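Trainee: I should like to work through this model with you, one question at a time. May we begin?

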Number of protein chains: 4
Amino acid sequence: MTSRKKEKYHFILDAALKVIAENGYHNAQVSRIAKEAGVADGTIYLYFKNKEDILISLFRDRLGDLVQLFHDSIQETDSADEALRKICEIHFTQLETNVNLAYVTQIELRQSSIELRKAIGEVVKTYIELIEKVLRQGIDAGLFHADLDVKLTRLLVFGAMDEVVTSWLISGRKYTLASQVDKTVDFFIRGLKA
Amino acid sequence: MTSRKKEKYHFILDAALKVIAENGYHNAQVSRIAKEAGVADGTIYLYFKNKEDILISLFRDRLGDLVQLFHDSIQETDSADEALRKICEIHFTQLETNVNLAYVTQIELRQSSIELRKAIGEVVKTYIELIEKVLRQGIDAGLFHADLDVKLTRLLVFGAMDEVVTSWLISGRKYTLASQVDKTVDFFIRGLKA
Amino acid sequence: MTSRKKEKYHFILDAALKVIAENGYHNAQVSRIAKEAGVADGTIYLYFKNKEDILISLFRDRLGDLVQLFHDSIQETDSADEALRKICEIHFTQLETNVNLAYVTQIELRQSSIELRKAIGEVVKTYIELIEKVLRQGIDAGLFHADLDVKLTRLLVFGAMDEVVTSWLISGRKYTLASQVDKTVDFFIRGLKA
Amino acid sequence: MTSRKKEKYHFILDAALKVIAENGYHNAQVSRIAKEAGVADGTIYLYFKNKEDILISLFRDRLGDLVQLFHDSIQETDSADEALRKICEIHFTQLETNVNLAYVTQIELRQSSIELRKAIGEVVKTYIELIEKVLRQGIDAGLFHADLDVKLTRLLVFGAMDEVVTSWLISGRKYTLASQVDKTVDFFIRGLKA
DNA sequence: AATGAATGAGATTTCATTCAT
DNA sequence: AATGAATGAAATCTCATTCAT
């Protein structure tokens with residue numbers, strides 16, 4: 001893709017994010033996204049295979065960045081518990097900073113169907129595997145319980161954080177997510193400690 | 001309602017559950033549900049206001065029963081940790097027993113919108129408040145950490161269990177949910193202990 | 001028909017008149033009429049062939065009475081101009097007295113279809129022929145223009161009165177119809193005079 | 001609108017007029033109109049908000065032209081009685097020339113409801129006000145009766161003409177409307193003369 | 001590369017009528 | 001005679017996608 005093309009590609013993703021966040025998934029018509037992006041309806045199809053492809057791309061693009069952030073951040077940490085804290089901190093603060101993204105990923109895109117949810121699943125899987133990796137490190141370092149079921153625990157950790165974010169959104173964001181990091185991680189650490 | 005009417009009402013809900021589970025939410029046309037229930041399309045509308053009303057009723061009816069189960073069960077327990085174990089056990093085994101219900105509530109009905117999601121929200125809220133109640137009991141009994149944030153922790157507990165069920169379904173139910181109860185509850189208890 | 005049957009027959013017609021007047025033709029469902037009449041839906045079909053038959057019967061029954069009134073009244077008059085005045089007076093005052101009937105015949109029933117409109121046409125035809133008869137009497141008595149086209153003029157007279165009633169209804173009945181009789185008849189008489 | 005768009009807009013209105021005239025209001029499905037217009041069903045909705053909007057537009061478009069004709073024609077007349085004659089002549093000959101239009105406006109569109117009837121009411125009101133204007137001119141010129149009630153008389157005149165047209169249609173158009181103009185106007189003039 | 005007018009499949013819901021009780 | 005639960009046909013409108021320009 002030329003840089004011009006790249007530009008329009010991102011315009012469309014930005015537009016999709018905004019339109020879905022503002023109007024909800026069921027009112028995010030392709031024509032609306034096109035209008036918001038400042039292109040013709042047909043132009044969308046020069047960059048994306050179909051509507052679902054927009055959403056999948058949006059998800060991959062934005063959450064991919066996020067997962068990369070996780071990877072980068074835990075490189076810099078020494079201990080598993082610090083890594084876990086870092087993960088939770090990024091998870092919460094990034095979504096708090098990008099409310100549209102939070103809203104779209106936690107609420108709206110879950111209404112979508114098969115293909116998209118597979119794509120979501122894949123991105124989430126990467127993230128969950130990252131959590132698993134940290135858990136293993138913690139066990140290996142003797143920090144976490146030796147007979148922890150990592151396949152299960154990674155779900156418990158992810159599910160717990162995911163629910164906190166969703167609940168925060170639904171409640172109308174009356175408090176900060178950042179303020180929930182310490183208490184959340186403390187609960188995890190205690191649950192995991194050797 | 002006469003008993004005959006009640007009967008048909010439940011036939012339709014049963015049919016809806018089966019059709020959604022088998023065909024997915026977006027292929028659960030009213031006519032399909034009617035056919036499965038053995039009634040005419042129009043008959044549906046003698047029992048339900050509209051399509052969404054079927055789903056809301058389905059949710060209320062089936063999950064309401066479940067929440068009642070939770071309430072009843074923890075009456076019989078003495079300690080908060082036993083209550084928590086009971087909750088997780090019922091949560092997992094009930095959904096394991098009713099796979100269609102699990103599939104529909106965890107995967108399919110989340111695609112629906114506004115009214116239904118409000119209804120889902122209300123049932124889930126009742127459940128989450130039940131968890132909170134157990135947490136408070138544990139704190140009062142000196143069993144759980146005194147400075148636990150119950151509003152946060154109830155989300156962590158619910159979110160963790162919810163994710164385990166969803167993941168089990170998506171994975172194709174290759175293991176039993178019942179086998180995950182102990183490990184899950186142990187994680188919670190350790191995280192909560194005073 | 002027994003007297004009991006007759007009674008229920010008229011209950012249903014009364015109910016139909018009321019329901020149409022209050023809810024409009026398109027919201028006058030058979031079930032609503034049945035409820036208003038205090039009978040079951042199915043009972044309607046013991047007295048009427050179908051929905052249209054209710055409306056036709058309603059029209060025949062009520063407007064038939066009216067046409068009879070016209071006939072009776074002009075028997076008592078000596079001159080054609082007096083007969084014409086009488087006709088207009090009855091036309092206006094009867095509909096002013098029975099607003100529901102006026103509303104239903106002038107506004108609502110005109111929305112109906114073929115069969116009903118044929119029936120309306122027949123009743124109206126009787127009335128128009130009555131007007132024609134009066135016109136002929138006037139001509140024969142040397143009171144009205146000798147070369148009047150009676151087939152045309154009866155329409156002019158009926159159409160003019162009909163429009164006055166409809167307009168009065170649509171305007172919200174802000175004035176009395178009775179007050180329009182003299183001016184209306186004067187216009188006719190001048191137009192007809194030899 | 002480009003000229004191409006305008007063209008299709010009028011194709012659809014033409015089709016609607018034809019379909020309603022041939023099949024009656026209740027059998028004038030959107031799909032039938034679309035087929036007659038040679039466009040896809042969905043295309044209709046690029047030009048009209050909904051089905052009622054087609055009918056309202058049809059009425060406004062066609063009857064608006066007619067009312068304009070009335071306005072133009074009476075500009076050229078000197079006396080009120082000539083103006084009245086011109087109005088009746090146009091009224092009768094235009095509808096005689098456009099039988100479909102006559103049929104649709106006199107018979108079919110009166111079956112429709114609320115919005116459409118409001119729109120009809122507005123167009124008719126303009127016409128009735130035009131008649132009133134002519135009546136006033138006649139009074140001012142000393143041609144018509146000084147104490148004429150113009151608000152009433154305009155209805156008598158319009159109602160009379162309207163009934164003649166409707167009756168002519170229902171009768172199966174066995175005579176010409178044009179042949180009724182003189183006799184109709186003579187009746188009016190005699191009724192109005194000072 | 002870009003446009004945007006045109007396409008057309010597809011599903012919910014209403015309500016007059018029936019018929020077993 | 002009366003009931004009223006059940007029937008099922010039928011039509012509007014939306015919106016993702018295409019393709020001629």
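Trainee: How many residues surround DNA strand E?

Mentor: This is a predicted model. A residue counts here if one of its heavy atoms lies within 4 Å of the strand. The closest are A:T43, B:Q29, D:K8, D:T43 and D:Y47, and the number surrounding DNA strand E is 28 residues.

Trainee: Which helix gives the most to the surface near DNA strand E?

Mentor: Helices that each supply at least two residues include α1 (3-23) of chain A and α3 (41-47) of chain B. The most, five residues, comes from α3(A).

Trainee: What percentage of the atoms of DNA strand E within 4 Å of the protein belong to sugar or phosphate?

Mentor: Phosphate oxygens of DNA strand E take part in polar contacts: one is 2.8 Å from a side-chain N or O atom of A:Y47, and another contact, at 2.9 Å, involves a backbone N or O atom of C:V30. Bases account for the rest of the atoms once sugar and phosphate are counted, and the share of sugar or phosphate is 69%.

Trainee: Turning to the protein chains, which residue of chain B forms a salt bridge with A:D149?

Mentor: Two salt bridges are found across the interface of chain A and chain B. In the one formed by A:D149, the closest N and O atoms are 2.6 Å apart, and the partner is B:K183.

Trainee: Which helix supplies the largest share of the side of chain A that touches chain B?

Mentor: Three helices of chain A each supply at least two residues: α7 (114-140), α8 (150-170) and α9 (181-192). The largest share, 11 residues, comes from α8(A).

Definitions and conventions:
Residues numbered from 1 in each chain as written. Chains lettered and ligands numbered in written order. Predicted model: local features only at pLDDT ≥ 70, side-chain atom pairs only at ≥ 80, totals over all residues. Heavy atoms only, no water. Salt bridge = Lys/Arg side-chain N within 4 Å of Asp/Glu carboxyl O. Helix = DSSP H or I, 4+ residues; strand = E, 2+ residues; numbered from the N terminus. Polar contact = N/O pair within 3.5 Å; in protein donor to acceptor, adjacent residues only side chain to side chain.
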